[in-house]
Amino acid sequence: MTSFPTFDAHFRTIADQPHRAMAGLSMGGMQTRAITLAHLDTFSHIGVFSGGSIASPTITDMPAFKKKAKLVFVSYGSKESGSVAAKANVEALKQACIK
């Protein structure tokens, strides 16, 4: 598990995977997606705000993802939410039983 010694030293944290979250807006959302999917042993809660999406093809180990990721929140802006790609992604995640 990745540690965050500076952060943990200065803030009251529970330093384990079930209590680690990462979220980001726009480019930060893209970084959040890349980092959290590569480090599911570190993060259990993922938030992507107008920074792309977490799509089932990008999840390499679906059973592990479902076990380790407790919350996945993906949001789109008002103009993005109506796009065909956004709707298709939501449906693909539902088909994979990810709410």
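Which side chain does Arg20 meet in a salt bridge? I looked this up before anything else, and found that the partner is Asp8, with the N to O distance at 2.9 Å. The two residues belong to distant parts of the chain, twelve residues apart, since Arg20 sits in the loop between α1 (5-10) and β1 whereas Asp8 lies in helix α1 itself. I then checked accessibility on both sides of the pair: Arg20 is buried, at a relative accessible area of 8%, while Asp8 comes out as partly exposed at 23%.

**Confidence.** I note that the model is predicted, and that its mean pLDDT is 85, with 94% of the residues reaching 70 or more. Going through the elements, I found the highest mean pLDDT, 94, in strand β1 (residues 21-25), and the lowest, 79, in helix α4 (residues 84-95).

**Other salt bridges.** My search of the whole structure gave three salt bridges. One of them joins the side chains of Asp41 and Lys68, at 2.5 Å from N to O. This pair, too, links distant parts of the chain, 27 residues apart, with Asp41 in the loop between α2 (27-38) and β2 (45-49) and Lys68 in helix α3 (residues 62-68). I recorded Asp41 as partly exposed, with a relative accessible area of 47%, and Lys68 as partly exposed as well, with 27%.

Another is formed by Lys94 with Glu91, whose closest N and O atoms are 3.8 Å apart; the bridge counts because the cut-off for such a contact is 4 Å. Both residues are in helix α4, and because they are three residues apart there, about one helical turn separates them. Glu91 I entered as partly exposed, at 42% relative accessibility.

**Largest pocket.** I turned next to the largest pocket, which holds about 180 Å³ of space. Which residues line the largest pocket? I listed Ser53, Val72, Phe73, Val74, Tyr76, Asn89, Val90, Leu93, Lys94, Ile98 and Lys99. The elements that contribute two or more residues to this lining are β3 (71-75) and α4, and α4 gives the most, with four residues. By residue class, I divided the lining into seven nonpolar, two polar and two charged residues.

**Cross-check.** Lys94 appears twice in these entries, as it is among the residues lining the largest pocket and also forms the salt bridge with Glu91. I add a note of care on this part of the pocket, as helix α4, which gives the most residues to the lining, is also the element with the lowest mean pLDDT.

Methods. Residues numbered from 1 in each chain as written. Predicted model: local features only at pLDDT ≥ 70, side-chain atom pairs only at ≥ 80, totals over all residues. Heavy atoms only, no water. pLDDT = per-residue confidence, 0-100. 1 Å grid on protein atoms, 1.4 Å probe; cavity = no way out; pocket = protein on both sides within 12 Å on 5 of 7 lines; lining within 4 Å. Points joined across faces, edges and corners; volume = space filled by probe spheres on them. Nonpolar A, V, L, I, M, F, W, Y, C, P; charged D, E, K, R; others polar. Buried < 20%, exposed > 50% of the residue type's maximum accessible area, 1.4 Å probe, protein only.
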